[in-house]
Amino acid sequence: MRVLMIGDVVGSGGRKAVNKLLRNLRSELDIDFVTLQGENLAAGIGLTVDTVAEMTEAGADVITTGNHVWDKREIIEHLDDPYLPVLRPLNYPPGTPGRGSTDDSGPIAVINLIGRVWVGEFDSPFAVVDDLLAGGFGQGKPIVVDFHAEATSEKGALAWHLDGRVAAVVGTHTHVPTSDCKVLPEGTGFVTDLGMVGAVDSILGVEVEGSLERFLTNRRQRMQPVRSGLINFNSVLIDIDSSTGLATSVERVDRQIEV
Ligand SMILES: [Fe+2]
Ligand SMILES: [Fe+2]
C-alpha cells in the first residue's frame, strides 16, 4: 500500500499547485491514500470548509492540522462533523472541538499530534498516543502519524518511541523539507519534516516583505501568502507492507510547478 503525505499547503498558491499535481501523482505513483497538512490552507492561516472541499476534490483523503487550526473560526463548529475529513492534534485538552485521529476514513488510519517544544503547552504527545494505541485504535489498518512540531529532536524521539507500532511518523510545521527519510529498525518510516506546498520566492510560503519587516522592526506585520509564481510541492511517499502494517520504504516526492 502506498501513502503520500503532503506538507503544509500555504494559501491559494499552494492549493493551485495541489490541484495541478495531485491527480496525476496519484496515478503515476500508484498511490492508495493521501494525507495533506491543511493548517495554512485559507489565506495562509487556518482552513475553511470550502478549502477543505477543494483539497478533497483534488485527491486528499484526510486533512491534518496544527497550531493554526483555530485561526478561521468558521471551521470550528464543523470539526465534529463525521463527514469532514479534518483532524486537529489529538493532544489538545479533553473537550476541545474536533478529533485527533481517524481509523474509518479509508484503508489507512491517521493520527495527528502536536509538539511541546517551542510550540505550546499541550498534553504529552507520547502519553496520549500510547493511550490511543493501547485502546486498539486502527482496526488492524496501517497507521500514519503527522507530528506537528518545531524541534527536530522531539520529532525524532516520537518516531523512535513509536517504532514498530505505526507505519510512519512524519513531521510538519517548519515548512522546510528534510532529507532524512528512513525506515527505523522495527519498521516505522520517518522523516523529520515534509516541508510545504508554497512559493519558492517566499519565507515559509509568505511574502518576503512582511516576514522580513517583522524581524527588522520587532513589530507584528501583515503576513500574506504568495499567490502565484513557482511553487514547491513537498511530500513523502511511504510504501507499506499490508501484512505487517509497517513501512518498507520512505522517499521524498518533491516537485516544482508554476501557478
Ligand atoms: Fe504550517
Ligand atoms: Fe504550524
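Which residue in strand 12 does L4 stand opposite? In this predicted model, the residue that L4 faces in strand 12 is L237. The two leucines belong to a pairing in which strand 1, made of residues 2-6, runs antiparallel to strand 12, made of residues 230-241, over five bridges.

Strand 12 also takes part in other pairings. Strand 11, which covers residues 196-199, is joined to strand 12 by three bridges and runs antiparallel to it, and within this pairing G198 has N232 of strand 12 as its bridge partner. Strand 13, spanning residues 246-258, is likewise antiparallel to strand 12, and the two are connected by 12 bridges. Strand 12 and strand 13 form a hairpin with four residues between them, and G245, which lies in the turn, has a positive phi of about 75°. In the pairing of these two strands, D241 stands opposite L246 of strand 13.

An open sheet of six strands is also present, with the order 5-6-7-8-10-9 and with mixed pairing. Its edges are formed by strand 5 (101-102) and strand 9 (182-183), each of which pairs on one side only. At one of these edges, strand 5 pairs with strand 6 in the antiparallel sense over two bridges, and S101 has I111 in strand 6 as its bridge partner. Strand 5 and strand 6 form a hairpin with six residues between the strands, in which G106 takes a positive phi near 130°. At the other edge, strand 9 and strand 10 (residues 189-191) run antiparallel and are joined by two bridges, with F190 of strand 10 as the bridge partner of K182.

Strand 6 itself is mostly covered, since six of its six residues are buried. This burial extends to both faces of the strand, with A109, I111 and L113 buried on one side and V110, N112 and I114 buried on the other. Strand 6 runs parallel to strand 7, to which it is joined by six bridges, and V110 stands opposite V144 of strand 7 in this pairing.

Two helices are placed against these strands. Helix 3, consisting of residues 125-134, lies across strand 5, strand 6 (109-114) and strand 7 (143-148), and runs at about 155° to strand 6. Helix 4, consisting of residues 152-161, packs on the sheet and touches strand 7, strand 8 (168-172) and strand 10, its direction making about 165° with that of strand 8.

A further packing arrangement involves helix 1 (residues 11-28) and helix 2 (residues 49-58), whose axes are 9 Å apart and which pack at an angle of about 20°. Because this angle is under 35 degrees, helix 1 and helix 2 are roughly parallel to each other. The crossing of helix 1 past helix 2 is left-handed. On the side of helix 1, the residues that meet helix 2 are R15, V18, N19, L22 and R23, and their counterparts in helix 2 are T51, E54, M55 and A58. Sorted by class, this contact comprises four nonpolar, two polar and three charged residues.

Helix 5, which comprises residues 208-217, lies largely in the open, because the number of buried residues among its 10 is zero. Helix 5 is followed by N218, which has a positive phi, near 65°.

Positive phi values are also found in loops. D30, in the loop between helix 1 and strand 3 (33-37), has a phi near 55°, a positive value in a residue other than glycine. D30 counts as exposed, because it has 11 C-beta neighbours inside 10 Å and the cut-off for exposure is 12 or fewer. W118, in the loop between strand 6 and helix 3, has a phi near 60°, again a positive value in a residue other than glycine. W118 is exposed as well, with 10 other C-beta atoms within 10 Å.

The loop between strand 4 (62-64) and strand 5 contains P82, which counts as exposed with 9 C-beta neighbours inside 10 Å. P82 and T178 are 96 residues apart along the chain, and their C-alpha atoms are separated by 33 Å.

Key
Residues are numbered from 1 along each chain as its sequence is written. Chains are lettered from A and ligands numbered from 1 in the order in which they are written. This is a predicted model: local features need pLDDT of at least 70, side-chain atom pairs count only at pLDDT 80 or more; totals for chains, interfaces and linings use all residues. A residue is buried if 20 or more other C-beta atoms lie within 10 Å of its own, exposed if 12 or fewer, and partly exposed in between; C-beta atoms are placed from the backbone. Axes are lines fitted to C-alpha atoms, for helices over the stretch in contact, and angles run from 0 to 180 degrees between N-to-C directions. Angles under 35 degrees count as roughly parallel, over 145 as roughly antiparallel, 65 to 115 as roughly perpendicular and the rest as oblique. A crossing is left-handed if the near helix is turned anticlockwise from the far one by less than a right angle, and right-handed if clockwise. Two residues are in contact if their C-beta atoms, placed from the backbone, lie within 7 Å. Ala, Val, Leu, Ile, Met, Phe, Trp, Tyr, Cys and Pro count as nonpolar, Asp, Glu, Lys and Arg as charged, and the others, Gly among them, as polar. Two strands pair if DSSP finds at least two bridges between them.
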